Amino acid sequence: MEKTYTLPEFGYEVTLGKFAGQASGAAWLKQGGTVILATVVTAPSTDFLGFFPLTVDYRELFSAAGKIPGGYFKREGKASDREVLTGRIIDRAVRPLFPHNFFDQIQAVATVYSVDKVSLLQPLAVVAMSLALSTSKIPFMGPIGACEIARVGGVWTYNPTYEQTLVSDARLLVVGNDDGIVMVEAACSEVDEADLVDVFFKAHETIKKQIAWQRDIVADHAVEKMTVVDSFDWAEWKKYADDFLTEEKIDALFITDKVERSKGFNELTADFFVQYATEAELIAKERKFLSYIFDYVLKQKITDRMFIRKQRIDLRDFETIRPIASEVGLLPFCHGSSLFKRGRTQMLTSVTLGSGQDEMRVDSFRGDETDKAVMLHYNFPSFSVGEVRADRGPSRRSVGHGHLALSAIEKVLPQKEVFPYTIRIVADALESDGSSSMATVCGSTLALMDAGVPIDKMVSGIAMGLLHSSEGKFQVLTDMSGFEDAYGLMDFKVAGTDTGVTAIQLDIKYKSGLSRQIFIDALTQARRGRLHILEEMRKVMSEPRKEMSSLVPKNVIVRVPTDKIGAIIGSGGKIIKEIIERTGTSIDIGDDGLVKIFGQPGEKLDQAVRLVELLGGKIVVGDVYNGKIRRQAEFGYFVELAPGLDGLVHVSTVSRNDQQAFMEHYKNDDDVLVRVMDYDTMNGRIRLKIVESENN
């Protein structure tokens, strides 16, 4: 039955029962002129994959903004990075909130069918998905709400407009349930930790209003939730695992080295299945099912032992950071490079500097296309974790890690007016044992300084984990390892300078939201860890190099009057193309008259600068220029100083006795040196004299 519900404070209007009737759940959520349809479909799993088979996609249709896609096929294709990142946000928000023994397939899709220039899409998509799940038969442990926050002019604004976010210096997205916060994504300009906690939980008050509204809808909608069936005797196999995993066997896994520890885990698992081979045969389920339960019990057993021993599985205490080692300048022909190692996580990072023509064009269906002058590409090859896996290009995870690392360092990068280079950073995980994204932040900072990029401050990053004992106690972990990421309840990445936070990403596995005190503890520990890492990085490099590599093309900036831009570009770009071809440079012209000329230092670059200056009206009487004779007339020669810019060498510039010989001496396309005798700025006329004839 079709019903519509409104939440006037947020401008929300959701329609249920009208759209996508064959989906397990569907919510048509409208805010202003923006419409998002969230759908969820569930189906029994034919095979057990060893994890919860949830797939989340988010799509933005160009038709939503009245636009036709570019390209040959004129239809939406591969998901953009923005779509991938928003899909990941929805996934990270909802994934923890399903029963631990629920393994049916779920496909969740959020599609933007209409968009205005006011509404924010990410929080709206999260709320729409929460409504679709909560009003379906799927056993979702929601609802959840979302609040975006922006700092505009030094003031925190909750649920800002899209235009406000474009001029903000800090943006945060907070997702939560009734109990606390379940996900955070933030890019900031050095915000204090205490301020962040206040912002998070003020946002949570907003979120609770959304949740209360959704609970009323769920109560009115009255959908019976499906029962989670224990299809493989969870309780019995859990008891077998519990009996097998003695304290002595658990303690034997506490090993410093990851590789040796992994070997111990594999041997322990093999011994378990040998001991209970008969029982496993009687249960007649795939080993992956039984291994999952075994790992579930093992996780809690190890966690409880960590609390008792006050020691982590790699023998560190709860706040110790693994050994750090760094190098710079490893790659001779790169503009900048670094190797950052923390424990058994190792990132090789390179920096390449290019011109404005190397910027990445980012097409938005909202019509605010931009040129992206900074790119960070993160790669995670399978050899970094000793696995055999086909390389099929960057995964959603790689896109997310690259975006997070770029968010962390973006605020300390120089403005384009100061440093007009396009920057591409490539970070490759050569070895991984947790938090390669934060190692990317550290490695990128060092590589940028090695390249001579004048960053404002150094940035480091650290990943915080969380343990939860069977007695209900919590413990925050500094510098989380890969094992603690898999077995813990929180992945809380924090990056920043020595004065404040620049980026945050929080994901949880906990079936409830995190409290204020956990955030305080985690951010306090993270600050100490971040400062320690910065000090280790400073032992290698503490400031950017004063000189860039000789391999870096030079970028010269020339400012010309805006009314001269057309003269430099020429009809159909003819003039600027000719200069580029003649000098082997690249040239970018802004609407404000800022001209950036990019090329290898030397005569060709100097020539390009001189030509642009000439076309821009910088013609100095008395200066000598290279020219080319283009046309002969009865009264002299027309000499080209720059493409489309000619001056006249009048026959009267030589003595009357020499004029006949002078007019017969030069031919078209001859190169000559000329001196500017006069320049009329009103009509643009230039009077020249050939230098070779000055003594005649």
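1. In this predicted model, aspartate 671 counts as exposed, with a relative accessibility of 59%, and its side chain meets that of lysine 628 in a salt bridge in which N and O are 2.7 Å apart. Aspartate 671 belongs to strand 28 (residues 671-679) and lysine 628 to strand 25 (residues 624-633), so that the pair ties together parts that are 43 residues apart in sequence. Lysine 628, for its part, counts as partly exposed at 23% relative accessibility.

2. The salt bridges of the structure number 46, and some of them share partners, joining Arg312, Asp314, Arg316, Arg322, Arg342, Asp433, Asp479 and Glu484 into one network.

3. A further salt bridge links arginine 344 with glutamate 431, where the closest N and O atoms are 2.6 Å apart. Because arginine 344 sits in the loop between strand 12 (336-342) and strand 13 (345-354), while glutamate 431 is in strand 17 (residues 422-431), this pair ties together parts that are 87 residues apart in sequence. As for accessibility, arginine 344 counts as partly exposed at 30%, whereas glutamate 431, at 18%, counts as buried.

4. A salt bridge within one helix is found at lysine 239 and aspartate 243, both of which lie in helix 5 (residues 234-244) and are four residues apart, about one turn of the helix. Their side chains meet with an N to O distance of 3.0 Å. Lysine 239 is exposed, its relative accessible area being 51%, and aspartate 243 counts as partly exposed at 42%.

5. Which side chain of opposite charge is nearest to lysine 596, a residue that is buried yet has no salt bridge? That side chain belongs to glutamate 359 and is 4.7 Å away, which means that the pair falls outside the 4 Å limit used for a salt bridge. When residues up to four places away in sequence are not counted, lysine 596 touches Lys416, Pro420, Asn555, Val556, Ile557, Ser586, Ile587 and Asp588. A colleague checking the charges of this model may wish to look at the surroundings of lysine 596, given that this residue is buried without a salt bridge.

6. Lysine 596 lies in strand 24, and aspartate 588 stands opposite this lysine. Strand 23 (residues 586-589) and strand 24 (residues 594-599) pair in the antiparallel sense over four bridges. The two strands form a hairpin with four residues between them, and in the turn glycine 593 has a positive phi of about 90 degrees.

7. The largest nonpolar core has 131 residues, and those with the most contacts inside it are Phe98, Phe200, Ile423, Phe492, Ile504 and Phe519. Leaving aside neighbours within four places in sequence, phenylalanine 492 is in contact with Ile462, Ala463, Met464, Ile504, Gln505, Leu506, Phe519, Ala522 and Leu523. Apart from the largest core lies another core, of 39 residues, which includes Ile575, Ile597, Leu641 and Phe662. In soluble globular proteins, nonpolar side chains tend to be buried together.

8. Helix 13 (residues 516-538) has 23 residues and reaches 33 Å from its first C-alpha to its last, a value close to the 33 Å expected at 1.5 Å a residue. The buried residues of this helix are Ile518, Phe519, Ala522, Leu523, Gln525, Ala526, Gly529, Arg530, Ile533, Leu534, Glu536 and Met537. Among them, Phe519, Ala522 and Leu523 are also contacts of phenylalanine 492.

9. Is lysine 202 buried or exposed? Lysine 202, which has its place in helix 4 (residues 193-221), counts as exposed at 52% relative accessibility. The C-alpha atoms of lysine 202 and tryptophan 28 are separated by 27 Å, the two residues being 174 residues apart along the chain.

10. For the protein overall, the secondary structure comes to 17 helices and 29 strands, and the C-alpha trace spans about 115 × 60 × 45 Å along its principal axes. Of the 696 residues, 52% count as buried. Among contacts with a separation of 6 or more, residues 24 or more positions apart account for 70%.

Terms used:
Residues numbered from 1 in each chain as written. Predicted model: local features only at pLDDT ≥ 70, side-chain atom pairs only at ≥ 80, totals over all residues. Heavy atoms only, no water. Buried < 20%, exposed > 50% of the residue type's maximum accessible area, 1.4 Å probe, protein only. Pairing = 2+ DSSP bridges. Core = buried A, V, L, I, M, F, W, Y, C linked by side-chain atoms within 4.5 Å. Contact = heavy atoms within 4.5 Å. Lys, Arg positive; Asp, Glu negative; His and termini not counted. Expected span 1.5 Å × (residues − 1).
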